[in-house]
Amino acid sequence: MLGCLALFFMVGCGSQSTDPGTTDSGSQQPAEEPTDSGNDSQDKAAENVAYDEEKAKAAYQQSCVGCHGQNLEGGVGPALKGNNLDEKQILEVLENGRGQMPAGLVSGEDAKNLAAWLADQ
């Protein structure tokens, strides 16, 4: 959050170019907001699809469901739905294990795909 504010401040304080349609009176004009294309939800959905959901679900069913539950609700292992781990952290757990969970139950591209899917849940 602080980084975003700093970036916003730096961009707002950057060099000004004069717009040919305005006069330069020495005052700064607020930056215009980008227009809404109406496709925000489609754009965000496209950004979030960085995994093959069917393959991720198949890997989960094969290697995870016994401990983490059919609906990611937990069981012997912790609940995975709504966890606070990001994709990179989840991949680290898949590769290295954690607590009672052994390392390498899912590996390679399957682990990356599963981590991306779990981070989205």
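A crossing of two helices is called right-handed if the near helix is turned clockwise from the far one by less than a right angle, and this term is used in the second legend below.

**Figure 1. Overview of the protein chain in the predicted model.** The secondary structure of the chain amounts to six helices and zero strands, so that, read from the N terminus, its elements follow the order α-α-α-α-α-α. Of the 121 residues in the protein chain, 20% are buried. When contacts between residues at least 6 apart in sequence are considered, 46% of them join residues at least 24 apart.

**Figure 2. Close-up of the crossing of helix 5 and helix 6.** The axes of helix 5 (residues 87-96) and helix 6 (residues 108-119) come within 8 Å, and they cross at roughly 135°. Because angles between 115 and 145 degrees count as oblique, the two helices are oblique to each other, and their crossing is right-handed.

**Figure 3. Close-up of the residues where helix 5 meets helix 6.** From helix 5, Glu87, Ile90, Leu91 and Leu94 take part, and they meet Ala111, Lys112, Leu114, Ala115, Ala116, Leu118 and Ala119 of helix 6. Sorted by character, the residues of this contact comprise nine nonpolar, no polar and two charged.

**Figure 4. Close-up of the buried and exposed residues of helix 5.** Ile90, Leu91, Val93 and Leu94 are buried in helix 5, and because they cover an arc of only 160° around the axis, they lie on the same side of the helix. Helix 6 is included in what covers these buried residues, whereas the face of helix 5 turned away from the buried side carries the exposed residues Lys88 and Asn96.

Technical notes
Residues numbered from 1 in each chain as written. Predicted model: local features only at pLDDT ≥ 70, side-chain atom pairs only at ≥ 80, totals over all residues. Heavy atoms only, no water. Axes fitted to C-alpha atoms, helices over the stretch in contact; angles between N-to-C directions. Helix = DSSP H or I, 4+ residues; strand = E, 2+ residues; numbered from the N terminus. Parallel < 35°, antiparallel > 145°, perpendicular 65-115°, else oblique. Contact = heavy atoms within 4.5 Å. Nonpolar A, V, L, I, M, F, W, Y, C, P; charged D, E, K, R; others polar. Buried < 20%, exposed > 50% of the residue type's maximum accessible area, 1.4 Å probe, protein only. Arc of directions from axis to C-beta.
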